[in-house]
Amino acid sequence: LAGMLSPACRLRTSRVYMLLIILLMLSQDGGFVSTAHAVMLPTVPWFKERLLHDISVGSLLVVVLVRTTQYNLSRLQDLYVQTNCLAALANMAPCFKRIHPYAARSLVTLYDVLARRFQKLEARRAHASPVELADSEELSDEALGSAADFLRMALEVLNVALAAQAGLQQNEHLVYAILERQRVFAPLRGHELFWDLIENVFRVIDHFGAGLSGQGPASTKESPLQLDKDSDRRTPPLPTTARSSSGSDGVWSVDLVLAHIGEASRSWKADSLEHVPDPRFTYEQESAPEEFFTPYIWSLVRDRSGLVWDPLRVVLLAEELDDEPADALPALLQGVDVVEDVDEHATAPGPPA
């Protein structure tokens with residue numbers, strides 16, 4: 001499933017919808033998600049954006065869902081794709097265990113992208129004239145509300161993962177990623193819509209960052225983390241009184257930082273965080289699901305059966321399914337309601353008719 005969804009830009013819209021429905025339904029099963037995080041893959045040959053080694057199936061699903069969300073944000077802006085990707089991540093978050101470093105960074109990057117998008121939209125609305133606000137759909141209250149909902153969902157994924165039953169001892173790479181990019185959480189720390197969730201993140205930063213926030217001789221003003229030239233990963237600078245075991249002044253190795261996180265996790269208490277209800281999303285069919293599924297199934301029969309079909313006599317398939325190029329993924333959905341309630345009864349929308 002992850003491999004089929006990964007090249008989203010080359011899939012038909014109906015195929016993306018179907019794959020997301022399947023992943024959303026599977027994510028509702030905690031046993032499936034836990035097993036996915038226990039199954040390790042030595043390599044992922046079909047993933048071309050980065051070499052991935054020793055990654056669990058669960059972490060790989062996180063990476064693919066985040067990448068699909070980012071592609072949707074930059075190209076499609078399809079609310080259905082966005083909602084279901086975030087819903088699947090939210091369902092998986094309580095079972096995150098030994099999450100891969102790349103998956104952990106992807107989650108923080110997703111928050112950063114959504115936060116920048118929300119801040120940009122909020123700033124544009126603040127400087128827009130009443131006429132512009134009335135005429136522009138991009139600056140509408142609905143657009144701002146959707147951006148806020150998606151950002152809050154991403155924050156809830158992080159919050160639930162930090163409070164997960166597996167504990168931060170088994171998710172040290174997620175803590176590392178948050179410490180590495182802690183500056184991205186600061187701009188919205190006092191925002192009325194997000195302050196409670198971001199405050200939990202800063203409680204983690206304060207606890208695990210203690211002893212790592214000193215200014216080493218090679219530190220920069222731009223970030224509390226410094227790039228180790230011998231690694232493709234960022235590492236925090238040592239306090240001024242410490243040096244790394246490798247002898248590099250002011251730079252901690254990745255292993256030393258992870259060891260520090262492991263030590264700090266022994267005194268960490270999950271109840272230090274304000275309680276956030278586990279977001280539970282379920283797939284809910286629309287009133288007439290056959291309007292989507294029947295043409296989709298027949299399109300598979302037409303494409304995969306090996307039979308020759310006269311295109312002039314095909315009347316059941318929707319125009320989007322029949323004519324859509326295989327290398328494009330246009331946004332076909334309009335007006336999908338964004339899930340605002342993230343309690344255990346929350347549902348993600350079914351496919352558009």
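**Exercise 1. Work out how enclosed helix α5 is, and what sits at its N-terminal end.**

Step 1: Of the 14 residues of α5, 13 are buried, so this helix is largely enclosed by the rest of the structure. Keep in mind that you're looking at a predicted model.

Step 2: Next, check the length. Helix α5 covers residues 79-92 and reaches 20 Å from its first C-alpha to its last, close to the 20 Å expected at 1.5 Å a residue.

Step 3: Now look at the N-terminal end. Asp-78 caps it, with a side-chain oxygen 2.9 Å from the backbone nitrogen of Tyr-80.

**Exercise 2. Test the length of helix α11 and find where its buried residues lie around the axis.**

Step 1: Helix α11 (residues 254-265) has twelve residues, which should span 16 Å at 1.5 Å a residue. Its end C-alpha atoms are 16 Å apart, which agrees.

Step 2: List the buried ones: Val-254, Val-257, Leu-258, His-260, Ile-261, Ala-264 and Ser-265.

Step 3: These residues cover an arc of only 155° around the axis, which puts them on the same side of α11.

Step 4: Here's the background idea: an α-helix has 3.6 residues a turn, so residues three or four places apart point the same way.

**Exercise 3. Find the places of Asp-54 and Arg-98, and decide whether each is buried or exposed.**

Step 1: Start with phi. For Asp-54 it is near 50°, a positive value in a residue other than glycine. Arg-98 also has a phi near 50°. For context, most residues other than glycine have a negative phi.

Step 2: Locate them. Asp-54 is in strand β2 (residues 53-56), while Arg-98 is in the loop between α5 and α6.

Step 3: Exposed means over 50% relative accessible area. Asp-54, at 55%, counts as exposed, and so does Arg-98, at 56%.

**Exercise 4. Trace two salt bridges that involve helix α10.**

Step 1: Get the count: there are eleven salt bridges.

Step 2: Take Arg-152 and Asp-196, whose side chains meet at 3.0 Å, N to O. This pair links distant parts of the chain, with Arg-152 in helix α8 and Asp-196 in helix α10, 44 residues apart. Arg-152 is partly exposed at 26% relative accessible area, and Asp-196 is partly exposed at 26% too.

Step 3: Now take Glu-199 and Arg-189, which meet in a salt bridge at 3.4 Å, N to O. Glu-199 is in helix α10 and Arg-189 is in the loop between α9 and α10, ten residues apart. Glu-199 is partly exposed at 24%, and Arg-189 is partly exposed at 31%.

Key. Residues are numbered from 1 along each chain as its sequence is written. This is a predicted model: local features need pLDDT of at least 70, side-chain atom pairs count only at pLDDT 80 or more; totals for chains, interfaces and linings use all residues. Side-chain values use heavy atoms; hydrogens and water are left out. Helices (H or I, at least four residues) and strands (E, at least two) are DSSP runs, numbered from the N terminus. The expected span of a helix is 1.5 Å times one less than its number of residues. Buried means under 20% relative accessible area, exposed over 50%, partly exposed in between (1.4 Å probe, protein chains only). The arc is that of the directions from the helix axis to the C-beta atoms. A polar contact is a pair of N or O atoms within 3.5 Å; within protein, one must be able to donate a hydrogen and the other to accept it, and residues adjacent in sequence count only if both atoms are side-chain atoms. A salt bridge is a side-chain nitrogen of Lys or Arg within 4 Å of a carboxyl oxygen of Asp or Glu.
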